[in-house]
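I opened the notebook with three topics to look up: aromatic rings, pockets and the nonpolar core. The entries below keep to that order.

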Amino acid sequence: MAAPNKEFEFLGVNHLALVCKDMAKTVEFYRDVLGMPLTKTIDLPGGRGQHFFFDIGNGDSLAFFWFPNAPEAVPGISAPAALPTKGSFVSAHGSMNHIAINVRAEKFDEYYQRLVDKGVEVTPILNHDNSPTQSSAELNEDVYVRSVYFFDPDGVCLEFAAWTRALDERDITHDPVQADGTRREGMITGRTPVPAE
């Protein structure tokens, strides 16, 4: 269990604001395909666009802006060019790579099939574990989260994610890598680096 935040009392994500090309298609996808209730619609003053909010549970929202003169998307820079398992999932510094929406583990397989039945192109189910490949074809005791990825009409990468166990100290085992590619040894793990001879 993570230590409490002593600086601020955060209550989760209020909303994540994204930009769409066509608000009507966005409503069709998020409200009609994914079933998210539309909770607030705003026409921005002076003809500057729109801002719509969708409920994703727990008081959290996905929000979309539509701007009449927004630049076109740049897949592979502003967002991944492909879904995991289907090509490069890399995006640029400061970009939003994907949004993972939490779903119940016992509903995961049903929701996966529901996406398929609705004609959404999805990845295979990824059972994330601590194996060398970090994924298993089978659900086993080492799997900590199950995922399926898909794109919205604007190329925003979405994930349905289901935790399968509580995360604990065994899940904090890697020291971070710095911008130059070297690892900041001991920063997380407390292990001191072995000096080169």
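These are my entries on the model, which is a predicted one.

**Entry 1: aromatic pairs**

I began with the rings and found that the structure holds eight aromatic pairs. The first pair I looked up joins phenylalanine 29 and phenylalanine 150, whose ring centres are 6.5 Å apart and whose planes stand at 50°, so I noted the pair as tilted. I then checked where the two partners sit in the chain: phenylalanine 29 belongs to helix 1 (residues 23–33) and phenylalanine 150 to strand 8 (residues 145–151), so that the pair links distant parts of the chain, 121 residues apart. Are these two residues buried or exposed? Phenylalanine 29 and phenylalanine 150 are both buried.

Next I turned to phenylalanine 89 and tyrosine 149, where the ring centres lie 5.7 Å apart and the planes meet at 70°; because planes over 60 degrees apart count as edge-to-face, I recorded this pair as edge-to-face. This pair, too, links distant parts of the chain, with phenylalanine 89 in the loop between strand 4 (60–66) and strand 5 (99–102), tyrosine 149 in strand 8, and 60 residues from one to the other. I looked up the exposure of each partner separately: phenylalanine 89 is partly exposed at a relative accessible area of 22%, whereas tyrosine 149 is buried at 7%.

I also asked which residues the ring pairs link into a cluster. The cluster consists of Phe29, Tyr30, Phe54, Phe64, Phe150 and Phe160.

**Entry 2: the largest pocket**

For the largest pocket I noted a volume of about 720 Å³. Its lining comprises 25 residues, and those nearest the centre of the pocket are Met36, Ile56, Ile101, Asn102 and Val103. When I sorted this lining by element, I found that strand 3 (49–57), strand 4, strand 5 and helix 2 (108–117) each supply at least two residues, and that the largest share, four residues, comes from strand 5. By residue type, the lining divides into 15 nonpolar, five polar and five charged. I then asked where this pocket lies with respect to the domains. Domain 1 (11–72) and domain 2 (97–178) both give residues to the lining, so I placed the largest pocket between them.

**Entry 3: the second largest pocket**

The second largest pocket has a volume of about 620 Å³. I counted on 24 residues for its lining, of which Val19, Glu72, Ala73, Ser78 and Asp154 are the closest to its centre. Strand 1 (residues 15–20) gives the most to this lining, with four residues. The division by type is 19 nonpolar, two polar and three charged, and domain 1 and domain 2 each contribute at least three residues to the lining of this second pocket.

**Entry 4: the largest nonpolar core**

Last, I looked up the largest nonpolar core, which has 26 residues, and wrote down those with the most contacts inside it: Tyr30, Leu34, Phe64, Leu115, Phe150, Leu158 and Phe160. Among the elements that give two or more residues to this core are strand 1, helix 1, strand 8 and strand 9 (157–163), and helix 1 gives the most, with four residues. Since domain 1 and domain 2 both give residues to this core, I noted that it lies between them.

Note on methods: Residues numbered from 1 in each chain as written. Predicted model: local features only at pLDDT ≥ 70, side-chain atom pairs only at ≥ 80, totals over all residues. Heavy atoms only, no water. Phe/Tyr/Trp six-rings, centres within 6.5 Å; stacked < 30°, edge-to-face > 60°. Buried < 20%, exposed > 50% of the residue type's maximum accessible area, 1.4 Å probe, protein only. 1 Å grid on protein atoms, 1.4 Å probe; cavity = no way out; pocket = protein on both sides within 12 Å on 5 of 7 lines; lining within 4 Å. Points joined across faces, edges and corners; volume = space filled by probe spheres on them. Nonpolar A, V, L, I, M, F, W, Y, C, P; charged D, E, K, R; others polar. Domains from an automatic or database assignment. Core = buried A, V, L, I, M, F, W, Y, C linked by side-chain atoms within 4.5 Å.
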